[in-house]
Amino acid sequence: MKPIDLIKQAVKAQNNAHAKYSDFTVGCALLTKDDDVILGCNIESAAYPSTMCAERVAIYAALAKGITRFKAIAIVSPLSAKPCGPCRQIIHEYLSDIPIYVSNGKTDKYETHHISDLLPHPFG
Ligand code: THU
């Protein structure tokens, strides 16, 4: 699957985000080794720390389905935000050093990162 097609899937997930507190919607699409796509969006809570990021929703959903091998991950948000610290830790632990595509989902432009660059000297 081309990066741009995975990004389009992430936009679909972004449209399902529950972000009424921050109004910052994030979507994530995780491409599995078997070419399935697992989606995630951010889900916010009135008890703010209970909020969950789009990346971890997708990764945890994949793991819950017994899927442990991945090819790529796409993340879309209004500011093309890179994953937050806790998501970087989970990406390090549960995804291999796969391409991380980051986009605002509005154009065909995207950045490609690797967790080894985003999280140098990881814990664990
Ligand atoms: N958010 C994500 O979904 N992923 C990140 O990597 C950073 C932040 C969400 C959490 C919250 O719902 C909103 O963005 C603002 O922080």
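A pocket is an open set of grid points with protein on both sides within 12 Å along at least five of seven lines, on a 1 Å grid over the protein atoms alone. The legends below describe a predicted model.

**View 1. The largest pocket of the predicted model.** About 200 Å³ of space lies in this pocket. Of the 15 residues that line the pocket, Phe24, Val26, Asn42, Cys53 and Glu55 are the closest to its centre. The lining comprises 8 nonpolar, 4 polar and 3 charged residues.

**View 2. The ligand and its surrounding residues.** The ligand takes up the space of the largest pocket. Ser22, Phe24, Val26, Asn42, Glu44, Thr51, Cys53, Ala54, Glu55, Pro83 and Cys84 surround the ligand. By class, this shell consists of 6 nonpolar, 3 polar and 2 charged residues.

**View 3. Polar contacts of the ligand with Asn42, Glu44 and Cys84.** In the side chain of Glu44, an N or O atom is 2.5 Å from an oxygen atom of the ligand. For Asn42, a side-chain N or O atom is 2.9 Å from a ligand oxygen atom. At Cys84 the partner is a polar backbone atom, 2.9 Å from an oxygen atom of the ligand. On its own the ligand has 370 Å² of accessible area, of which the protein covers 79%.

Note on methods. Residues are numbered from 1 along each chain as its sequence is written. This is a predicted model: local features need pLDDT of at least 70, side-chain atom pairs count only at pLDDT 80 or more; totals for chains, interfaces and linings use all residues. Side-chain values use heavy atoms; hydrogens and water are left out. A residue is near a molecule or strand if one of its heavy atoms lies within 4 Å of it. A polar contact is a pair of N or O atoms within 3.5 Å; within protein, one must be able to donate a hydrogen and the other to accept it, and residues adjacent in sequence count only if both atoms are side-chain atoms. Accessible areas come from the Shrake-Rupley method with a 1.4 Å probe; for residues, only the protein chains shown count as cover. On a 1 Å grid over the protein atoms alone, a cavity is a set of points where a 1.4 Å probe fits but cannot get out, and a pocket is an open set with protein on both sides within 12 Å along at least five of seven lines; lining residues have an atom within 4 Å of a point. A molecule sits in a cavity or pocket if more than half of its atoms lie within 2 Å of its grid points. Ala, Val, Leu, Ile, Met, Phe, Trp, Tyr, Cys and Pro count as nonpolar, Asp, Glu, Lys and Arg as charged, and the others, Gly among them, as polar. Grid points are joined across faces, edges and corners, and a volume is the space filled by probe spheres set on the points.
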